[in-house]
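Biologist: Hi! I'm new to this one, could you walk me through it?
Modeller: Happy to, let's bring it up first.

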Amino acid sequence: MLGKTAASLFWMSRYLERVENSARFIDAGFRISLTRSASASDEWSSVLKSSGVIAAYRKKHDDFASAKVIDFLLRDRDNESSVMAVMKKARDSARTARTALTREVWEATNESWMTLKATMAKPVKEQDLPETLGLIRQQSALVRGATLGTMLRNDGFNFLRLGSFVERADSTARILDVKYYLLLPSVALIGSSVDNVQWETILRSVSAHRSFRWLNGTDISAQAVADYLILHKQMPRSLTFCYAKISDNLNYLDENYGRESASGELAQEICNDILSRPIEAIFESGLHEYISDFIAANNRLAAQIEMDFNFQDRIG
Amino acid sequence: MLGNGDHVRPAYQDYKDWLDGEDVKRLHRKSAEAEAFFRKTGITFNVYGQDEADERLIPFDVVPRVLSAREWRKLSKGIEQRVRAINAFLYDIYHRQEILRAGRVPIELIANNAAFLPQMIGVNPPGGIYTHIIGTDIVRTGDEEFYVLEDNARTPSGVSYMLENRETMLQMFPELFAKIKVQEVSNYPGQLRRSLAACAPQKCEGKPVVAVLTPGIHNSAYFEHSFLADQMGVELVEGHDLKIVDGRVAMRTTEGYTAIDVLYRRIDDDYLDPLNFEPHSMLGVPGIFDVYRSGGITIANAPGTGIADDKALYSYMPDIVEFYTGEKPLLENVPTWRCSEKDELAYVLEHLEELVVKEVHGSGGYGMLVGPAASKKEVAAFRAKLIDNASNYIAQPTLALSTVPIFTKKGLSPRHVDLRPFVLVSPNGISITPGGLTRVAMTKGSLVVNSSQGGGTKDTWVLEE
């Protein structure tokens, strides 16, 4: 497979994952703005931070009015990371990798782009927002379904999966990074309704508020939330889950290509060093530092994958 | 569909019987379905210079264009003869130039022509083949009269539409194909791959590695490039995927560099190699031409083939066919006035309102004047351009092009069409896919069928014997 094709597949699924995560962030922020208007600005500001676009937003707007934030995140042309801009990049990547995709995956991606483009041709009214966000999640599910249902389990499939999980791990870590102070024991007054709502927002941003309750009942604690998002093996957006998948897919690639790659080794290292610590130890050594370390390690892995599989031409 | 006089051409009889029994509403619904299908599949083309509507659909018409087996035999014989002559001409023009010595083609026409590549002189392309893939544009003016309009010997496009049009028709009207036996087109990609592989260069070891070279996703024909690579099961590469490794052109894969034997390039000569041609090109591969000359890669079509389909040479095609085949041309050329010649220019200026005037190097229907359809002002403006740079133009009569019905909101209505059959050339012979791409002028009375000018397409049927 061409290095460029591998890169396009990797990025296509990163972008699609990003689109879906943005929809979740917006959903969580929107909920807060409806139910607790006093803290809406804070919430929108942290949504913009988690999405990495706070600086671009500040250049354009002075306040965090819901309508402005929503439009900026969904479709503003000044925002390179808007849902529409990222969806366009996903579709361009899919076109570049067209020959490595099944007709079903390509058509699902193309239709997602067409559908979202039509839906977001004009600013989305607040009353239509839940429906629009639902549509984004539904379109992502269609592409994922087509991928799982029709793609040959070859190297191309592995690059698609790697892109999804590297992006997802990054996204979950960013939420934790932006909200870490809410999870610190000194701030967390167990049982206080303020923090319950905040924690619930964190869980909602990763669509885990219900699954968390199935597993923990109503016993919400900061440590339990962090444990769930970082270490839980069955929670599909936890860092540990993502890395299990990343390791698997790198192993398949190594097997397929008959060699051992540096990225496979690095992923293993991240599993052993960072993701094997108990949650108590993580809190003891500092949640914030821990998350920062993880984000940096995840970025290093992405760069290593790019190197190992010749995404670009290296001089020399 | 109607022949000379008003009888239904025999080839259309079965289709017409079927159509007469069809519900118009169903056809309208099918027509809308086809459009949704094309959009979903991404069978679009990009239009240069139009930012917003950057991807457009080529209108597809549900009424097929039908040719009988006999008509097709006649056409394909004529095309084969012409293609053989073109390859012989190219070999000659880049070697001994006998045709120039014989005075059958004026030397200035070659020497001063941007499509002539002096770098190709003395180069022997693998298998002696210059143009591997050709799309000959044909128009019909009567029951037995076919003319060749253009030879498209460099990088003809449209074959993906031929294939997708048939797929679409099969999906929409399966019962029609059960009733009427139509010759297959779906084996084209397989034939293309075999045909390219048969032209592998000396340095090829083992099974030839074929790849398609595209300028990228923003090119107007990107859909076709990816379609062909996909259907052939070969890699679709861009210039930045390639570099010269150990005297071969190699593509960067996830496991390192792999040599390519045959490159079906869909970029123009100028952009192929910044070291040997246009120095600012970002699309090509520095040094590929040197590898080519040393027998390290086959480039299809060969660099420099454009000299054969240059509009300035078009009027010499009957001589070229005769010179190399020793036979009378089976297909006619459209009478052509060369504006470079004084007497002919005078005639053209006098009859501008009746003629089609084309730029010698233009393509895609840009920069041409269709006299009968142009306003007085347009004719005047064109006259000025023509006088200013006469040798840049040729002129042809507006032919009484045959029409084929299309399905409009108000029912069937006649439109002018042309036909582009696709020809493959390899050392194993010449093969022509039955039918080709029928392009249709969607506006009533219009003669311009180019998709960049709003033209549409139809499925093209060649009936079984």
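What follows is a chat about confidence, domains, contacts, cores and a few unusual backbone spots.

Biologist: Is this from an experiment or predicted, and what is the mean pLDDT of chain A?
Modeller: This is a predicted model. Chain A has a mean pLDDT of 90, with 95% of its residues at 70 or more.

Biologist: Where in chain A is confidence lowest, and where is it highest?
Modeller: The lowest is helix H9 (residues 193-205) of chain A, with a mean of 74. The highest is helix H12 (residues 239-257) of chain A, at 97.

Biologist: Okay, how is chain A divided up?
Modeller: Into domain 1, residues 1-151, and domain 2, residues 153-316. Their C-alpha centres lie 20 Å apart.

Biologist: How many residues of each domain are in contact with the other?
Modeller: On the domain 1 side of chain A there are 26, in contact with 25 residues of domain 2. H1 and helix H2 (40-50) of chain A are the elements giving two or more residues to that domain 1 side. H1(A) has the largest share, 18 residues. By class, the domain 1 side divides into 12 nonpolar, six polar and eight charged residues.

Biologist: And what about the contact between chain A and chain B, how many residues does it take from each?
Modeller: It takes 19 residues from chain A and 18 from chain B. On the chain A side, H1, helix H5 (83-96) and helix H6 (103-119) each give two or more residues. H6(A) gives the most, with four. That side of chain A has six nonpolar, five polar and eight charged residues.

Biologist: Switching to the inside: how many residues are in the largest nonpolar core?
Modeller: The count is 206 residues, and those with the most contacts inside it include Val19(A), Val225(A), Leu263(B) and Ala395(B). Helix H1 (residues 3-35) of chain A supplies the largest share of this core, 15 residues. There is also a second, separate core of nine residues, with Val404(B) and Val449(B) among them.

Biologist: What is Ala395(B) in contact with, leaving aside its neighbours within four places in sequence?
Modeller: Its partners are Trp337(B), Cys339(B), Val348(B), Leu355(B), Val356(B) and Val357(B).

Biologist: How about Leu176(A), buried or exposed?
Modeller: Leu176(A) counts as buried because it has 26 C-beta neighbours inside 10 Å, and the cut-off for buried is 20 or more. Leu176(A) lies in helix H8 (residues 155-183) of chain A. Beyond its neighbours within four places in sequence, Leu176(A) is in contact with Leu229(A) and Ile291(A).

Biologist: Any odd backbone spots? Which peptide bond is cis?
Modeller: The one from Ala300(B) to Asn301(B) is cis, with omega near -10 degrees. Asn301(B) sits in the loop between strand S13 (298-300) and helix H11 (311-314) of chain B. For background, most peptide bonds are trans, and most residues other than glycine have a negative phi.

Biologist: So which residue other than glycine has a positive phi near 55 degrees?
Modeller: That's Gln97(B), in the loop between helix H3 (69-93) and helix H4 (98-101) of chain B. Another is Asn152(B), with phi near 35 degrees, in the loop between strand S6 (146-150) and helix H6 (159-172) of chain B.

Biologist: Are those two buried or partly exposed?
Modeller: Gln97(B) counts as partly exposed, with 14 C-beta neighbours inside 10 Å. Asn152(B) is buried, with 21 other C-beta atoms within 10 Å.

Definitions and conventions:
Residues numbered from 1 in each chain as written. Chains lettered and ligands numbered in written order. Predicted model: local features only at pLDDT ≥ 70, side-chain atom pairs only at ≥ 80, totals over all residues. Core = buried A, V, L, I, M, F, W, Y, C linked by C-beta atoms within 7 Å. Buried ≥ 20, exposed ≤ 12 C-beta atoms within 10 Å, placed from the backbone. Contact = placed C-beta atoms within 7 Å. Nonpolar A, V, L, I, M, F, W, Y, C, P; charged D, E, K, R; others polar. Domains from an automatic or database assignment. pLDDT = per-residue confidence, 0-100.
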